[in-house]
Amino acid sequence: MAEWFAGRVEDFTEDVRTIVEIDGSDVVVLRAGEKFHAVANTCLHMGGPVGEGLVMGRVCAVLDEQKRLVREEFSQDSVQIVCPWHGWAYDIDSGAFAGDERLRLRTYPVQVREDGVYVIA
Ligand code: FES
């Protein structure tokens with residue numbers, strides 16, 4: 001197992017993303033709230049730069065007792081990253097594609113230490 005330094009904790013505001021090269025592949029490291037994430041930066045659709053996409057709560061349907069749609073809202077618990085090229089959305093924790101969870105971007109553990117943020121692979 002190896003580790004890659006991604007940056008100092010204070011350098012990661014909500015809009016800052018860092019690319020770390022792991023075994024020849026780009027991995028994007030970002031912060032969503034208080035949590036850090038590391039996700040493969042190559043979209044499974046056509047190779048787009050996933051790490052340049054929006055990070056947002058998953059859109060969830062709110063249904064009534066008859067299973068009719070009442071409204072849609074953004075989840076506070078489930079966060080996605082959306083590829084900027086054609087909108088494929090991936091769960092930022094598991095890497096699962098929203099349209100077919102069998103397809104997954106690789107995700108990596110992240111450790112936050114006093115001296116910085118590290119991706120473990
Ligand atoms: S390349 Fe990412 S959605 Fe098409």
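# A tour of the predicted model

Begin with D23, which sits in the loop that links strand 2 (17-22) to strand 3 (25-32). This is a predicted model. Look at the backbone of D23: phi is positive, about 50 degrees, although the residue is not a glycine. D23 counts as exposed because its relative accessibility is 71%, and the cut-off for that class is over 50%.

From D23, widen the selection to the sheet. Strands 2, 3, 4 and 10 form an open sheet in the order 2-3-4-10, with antiparallel pairing. Strand 2 and strand 10 (107-108) each have a single partner strand and stand at the edges, so one side of each has no neighbour in the sheet. To see how strand 10 is attached, select strand 4 with it: the two run antiparallel and are joined by 2 bridges. For one of these pairings, show V39, whose bridge partner in strand 10 is T107.

Now go back along the chain to D15, in the loop between strand 1 (3-7) and strand 2. D15 has a relative accessible area of 71% and is therefore exposed. Draw a distance from the C-alpha atom of D15 to that of A2: the two are separated by 27 Å, with their positions 13 residues apart along the chain.

Next, select strand 5 and strand 6. They run antiparallel and 9 bridges join them. In this pairing, V55 stands opposite I81 of strand 6. The two strands form a hairpin with 5 residues between them, and K67 lies in the turn.

Zoom in on K67, in the loop between strand 5 (54-63) and strand 6 (69-82). K67 is not a glycine, yet its phi is positive, about 65 degrees. Is K67 buried or exposed? It counts as exposed, because its relative accessibility is 66%.

Stay on strand 6 and select S75, which belongs to that strand. S75 has a relative accessible area of 15% and is therefore buried, the limit for that class being under 20%. Show its side chain together with the backbone of D77: a polar atom of the S75 side chain lies 3.0 Å from the backbone nitrogen of D77. Leaving out residues up to four places away in sequence, S75 touches G57, R58 and C60.

Now turn to the interior. Which residues touch the most other members of the largest nonpolar core? They are L30, V50, I81, Y90 and L105, out of 13 residues in that core. Strand 3 and strand 4 (35-40) are the elements that give two or more residues to this core. Strand 3 gives the most, with 3 residues.

Select Y90 and display its surroundings. Not counting residues up to four places away in sequence, Y90 touches C43, L44, H45, V50, V79, Q80, I81, G95, A96, F97 and L105. Among these contacts are V50, I81 and L105, which are also listed with Y90 among the residues touching the most other core members. I81 is also the residue opposite V55 in the pairing of strand 5 with strand 6.

For the last stop, select I22, V27, A38 and V117. These are among the 11 residues of another core, which lies apart from the largest one.

Terms used. Residues numbered from 1 in each chain as written. Predicted model: local features only at pLDDT ≥ 70, side-chain atom pairs only at ≥ 80, totals over all residues. Heavy atoms only, no water. Helix = DSSP H or I, 4+ residues; strand = E, 2+ residues; numbered from the N terminus. Buried < 20%, exposed > 50% of the residue type's maximum accessible area, 1.4 Å probe, protein only. Polar contact = N/O pair within 3.5 Å; in protein donor to acceptor, adjacent residues only side chain to side chain. Contact = heavy atoms within 4.5 Å. Core = buried A, V, L, I, M, F, W, Y, C linked by side-chain atoms within 4.5 Å. Pairing = 2+ DSSP bridges.
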